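Please look over the sequence and the structure shown below. The paragraphs that follow go through them step by step.

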Amino acid sequence: MEREAVLALFDRYADTVYRAALGYVRSPQEAEDVVQTVFLKLLEGDIAVYPGKERAFLTKVTINHCKNLLRAARRHETVELEEAVSLTQPEDRDLFLAIMELPEKVRTVVILHCIEGYSFREISEFLHIGVSAVSMRLRRAKSILKKQLGRD
Amino acid sequence: MERTFKRISDELKLPRESRERIRSRIASWQKQTEDIPVRRPILKSRVPLIAVAVVVAMALTLTVAAAAVHLFRNDIIVPGVDDIPLLSSENGDLGAFVVGGPGGHPPAALEEMTKSARFKSDDWDLGERINGGVVSEYLRWDSVEVLSRDPALRIRRVGREDGAEKMEYTAENPANLLGTLTGRVTFDLKGMDEQYDHVPNANLSFVVSDAKGDYVSEYYNALYAKKDGGGYIDFTVYCTAQADYFGQTYIIDGSFETAYYYTSADGYEFLIETDNGSVWAECRTGRANVNLHGAYVTADEVEDILDTLSLTING
């Protein structure tokens, strides 16, 4: 892909890729590495992205890359999360940190649906699971978060 | 919570300095390969997995649960035949038993499974075939007495001349059988019910006691069909009073399409194997075996079920 095209995608979707990666790797430093890797892959590879599907494509690439990373190294440093995440409102910070503590499978659904706004159908395609599985994971996540944070 | 999610989405961004750094990297990228700090992924690792002997079972949800120590007896995945311990008759060891691969056969269709699992009143009432569940501790039963024909919960007492007894149960809804078990293994089927429909009357439970009335074993089995059709889950729990009933066996890595250990949300280690449309998940301790066979479902979907079981194995 041409450099200008990749830069345009980067300007538009770098935050999306960062948030999706953070949901998996739970480390701002590693998430930044993922962002760099994903966009450099577009430069290196002979990839054509269907117009209008760029965000979903980048999310899918990000998820696949993160899954490979996690298979290779199962340690997650979450200490740096608390130091590095800058959210203005304390309740936002509490919720975000609670989300980062969720089991990986439900955490990714929360990130993709609640924060990135993807539909259940889209998420089912990203994660190769059924739509009902997406719904169930989200329900579980919200149940855990409600218990932990004590609010709706 | 929804407003908070929106604020998180708006505020959680790639830090400005990192954004500028990465953008600069993209902008100056040359066609030659650069030195990129990427971890090389190891895909489908074939590193042999030796089962961990002792795991502390702790609930990973926020509910308080009693901690228990379990010695898991799941099959041990080894790279090759040479890694399997030799038979030894001198020291009394039974030696190693190797589980062969599944043979590449696709799983039976749901209709076939339903036909074989579904309650048949002739067998139940007449007792000409006192079947309904092979019990390894007792190979022969002598009598049967039907105590209830209510479809909500059918009950029959199967007996032996020596006084041993098997109380058998079947129902339209397998949830009705949960109360027939002794509590040595407990589980919750609500998660299963969310994505699967129980197959009516394709279930069975029994509890066996010996001539003195002491507990011998118990069994539960139920068949669930995927709500969107095609796939199904056959769920079985077996528990016995006999210590070390379940020994460990070996499987050779590669004899299944995939084989790996999965620790469920409740902290129980399952061995998951997939092959040609089947997914098997089994958690074995010295006295209990929790087993799922999924057909035309994915390993991810089976893992999801395992995570919602609220499983406890007591003792």
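The model is a predicted one. A starting point is the place where its two chains meet: 56 residues of chain A are in contact with 42 residues of chain B. The size of an interface is often given as the accessible area lost when the parts come together. For chain A and chain B, this buried area is about 4900 Å², with 59% of it on carbon and sulfur atoms.

Charged and polar pairs also run across this interface. Between chain A and chain B there are 12 salt bridges. One of them pairs A:E32 with B:R21, whose closest N and O atoms are 3.1 Å apart. In addition, 18 residue pairs, both members at pLDDT 80 or more, are in polar contact across the interface of chain A and chain B.

Which elements of chain A give two or more residues to the side that touches chain B? They are the helices α1 (3-25), α2 (28-44), α3 (54-72), α5 (90-100), α6 (104-115) and α8 (131-149) of chain A. The most comes from α8(A), with 12 residues. By residue type, the side of chain A that touches chain B divides into 26 nonpolar, 10 polar and 20 charged residues.

Two residues of chain A lead into the charged part of the contact with chain B. A:K105 sits in helix α6 of chain A. Is A:K105 buried or exposed? With a relative accessible area of 16%, A:K105 is buried, because buried means under 20%. Leaving aside residues up to four places away in sequence, A:K105 touches A:R137 in chain A, and B:Y262, B:D300, B:E303, B:D304 and B:D307 in chain B. With the side chain of B:Y262, the side chain of A:K105 makes a polar contact at 3.5 Å.

The other residue is A:R137. Side chains of opposite charge can pair when their charged atoms come close. The side chain of A:R137 meets that of B:D304 in a salt bridge, at 3.1 Å from N to O. This pair crosses between chains, as A:R137 is in helix α8 of chain A and B:D304 is in helix α6 (residues 299-307) of chain B. Both ends are buried: A:R137 has a relative accessible area of 3%, and B:D304 has one of 2%.

Two further salt bridges each lie within one chain. In chain B, the side chains of B:K227 and B:D197 meet at 2.9 Å, N to O. B:K227 lies in the loop between β10 and β11 (232-240) of chain B and B:D197 in strand β9 (residues 196-209), so their salt bridge ties together parts that are 30 residues apart in sequence. B:K227 is partly exposed, at a relative accessible area of 45%, and B:D197 is partly exposed as well, at 37%. Back at the interface, salt bridges that share partners join A:K105, A:R137, B:D300, B:E303, B:D304 and B:D307 into one network.

How many salt bridges are there over all chains? The count comes to 26. Within chain A, A:R55 forms a salt bridge with A:E116, and their closest N and O atoms are 3.0 Å apart. This pair links distant parts of the chain, 61 residues apart: A:R55 is in helix α3 of chain A, while A:E116 is in the loop between α6 and α7 (120-127) of chain A. A:R55 counts as partly exposed at 24% relative accessibility, whereas A:E116 is buried at 7%.

Chain B can also be taken as a whole. Its secondary structure consists of 6 helices and 17 strands. Of the 315 residues in chain B, 45% are buried. Among contacts in chain B with a separation of 6 or more, 62% are between residues 24 or more positions apart. The accessible surface of chain B is about 16300 Å², and 53% of it belongs to carbon and sulfur atoms.

A last residue to find is B:N221, in strand β10 (residues 215-226) of chain B. B:N221 is buried, with a relative accessible area of 11%. Its side chain reaches the backbone oxygen of B:F235 at 3.2 Å. Not counting residues up to four places away in sequence, B:N221 touches B:A202, B:N203, B:L204, B:D234, B:F235 and B:T236.

Definitions and conventions. Residues are numbered from 1 along each chain as its sequence is written. Chains are lettered from A and ligands numbered from 1 in the order in which they are written. This is a predicted model: local features need pLDDT of at least 70, side-chain atom pairs count only at pLDDT 80 or more; totals for chains, interfaces and linings use all residues. Side-chain values use heavy atoms; hydrogens and water are left out. Contact means heavy atoms within 4.5 Å. Buried area is the accessible area (1.4 Å probe) that two parts lose on being put together, summed over both. A salt bridge is a side-chain nitrogen of Lys or Arg within 4 Å of a carboxyl oxygen of Asp or Glu. A polar contact is a pair of N or O atoms within 3.5 Å; within protein, one must be able to donate a hydrogen and the other to accept it, and residues adjacent in sequence count only if both atoms are side-chain atoms. Helices (H or I, at least four residues) and strands (E, at least two) are DSSP runs, numbered from the N terminus. Ala, Val, Leu, Ile, Met, Phe, Trp, Tyr, Cys and Pro count as nonpolar, Asp, Glu, Lys and Arg as charged, and the others, Gly among them, as polar. Buried means under 20% relative accessible area, exposed over 50%, partly exposed in between (1.4 Å probe, protein chains only). Accessible areas come from the Shrake-Rupley method with a 1.4 Å probe; for residues, only the protein chains shown count as cover.
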